[in-house]
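Student: I would like a close look at a single part of this model, with its charged side chains and their surroundings. Please give the account in one connected answer.

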Amino acid sequence: MADPIATFFTSVGCMDGRVQKAVNRYASLIFGAEFADTVTEAGLVGVFSKKETDPEMYEDVKGMILVSTDKHKSSGIIVHGHENCAGNPVNEEQQKEDIKKTVDTVQEILEDRKIEVHGVYVHLTPRVRIEQIV
C-alpha cells in the first residue's frame, strides 16, 4: 500500500472559493498528488508579498507551510492569486508581481528543502483558467 502522506501538495493563496477547485486540479496534475494542504487568507499574496508589514501573519503562514512540507511531505507548492480579488484589489499586473514576490518568500522559507514552488494567476472570466507565471 502506498504511503498516504506522499499524496500531499501545498496550496498557498487566496481563500476565494471560486479558485480552489481549479488550483487544486492544476496542482494535482503538476505535482502528482491528491490532497491539498491549504494555506489561505483573503488576498494572501498581497499581504504576504509585503511580509515586513505583518510579521504575525508571516509567521503563521510560514508555520503552516513547514508543517505541510516537513510533516505531510508535500510534493510541491502552488502559490496563487486571481482576477477580481476582494482581499487584494489590484490590477492583474500588480497581482502577478505579488505572486512572484510570494513565490520568492516561500522559497526563502523552504531554505535547502528540494520542493518545487509554482506561481499561478487564475483568470475567472470568461471562464476559469490557470496561467503559470513562475
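Tutor: Asp60 is placed in helix 3 of this predicted model. With a relative accessible area of 45%, Asp60 is partly exposed. Together with Glu41, Glu56 and Glu59, Asp60 forms a negative surface patch. Helix 3, which spans residues 55–71, contributes three residues to this patch, the most of any element.

Salt bridges are the next topic. The structure contains six of them. One of these joins the side chains of Arg113 and Asp70, with an N to O distance of 2.8 Å. Because Asp70 belongs to helix 3 while Arg113 sits in the loop between helix 4 (92–110) and strand 4 (117–123), this pair ties together parts that are 43 residues apart in sequence. Asp70 is partly exposed at 30% relative accessibility, and Arg113 is likewise partly exposed, at 28%.

The side chain of Arg113 also meets that of Glu111 in a salt bridge, at 4.0 Å from N to O. Glu111 counts as exposed, its relative accessibility being 61%. Asp70, Glu111 and Arg113 are thus linked in a network of salt bridges.

A further salt bridge pairs Glu131 with Lys96, whose closest N and O atoms are 3.0 Å apart. Glu131 lies in strand 5 (residues 129–132) and Lys96 in helix 4, so this pair ties together parts 35 residues apart in sequence. Glu131 is partly exposed at 26% relative accessibility, whereas Lys96 is buried, with a relative accessible area of 16%.

Terms used. Residues numbered from 1 in each chain as written. Predicted model: local features only at pLDDT ≥ 70, side-chain atom pairs only at ≥ 80, totals over all residues. Heavy atoms only, no water. Patch = residues over 30% accessible without salt bridge, like charges linked within 9 Å, V, L, I, M, F, W, Y side chains within 5 Å. Areas by Shrake-Rupley, 256 points an atom, 1.4 Å probe, with all protein chains shown as cover. Lys, Arg positive; Asp, Glu negative; His and termini not counted. Charge placed at Lys NZ, Arg CZ, Asp CG, Glu CD. Helix = DSSP H or I, 4+ residues; strand = E, 2+ residues; numbered from the N terminus. Buried < 20%, exposed > 50% of the residue type's maximum accessible area, 1.4 Å probe, protein only.
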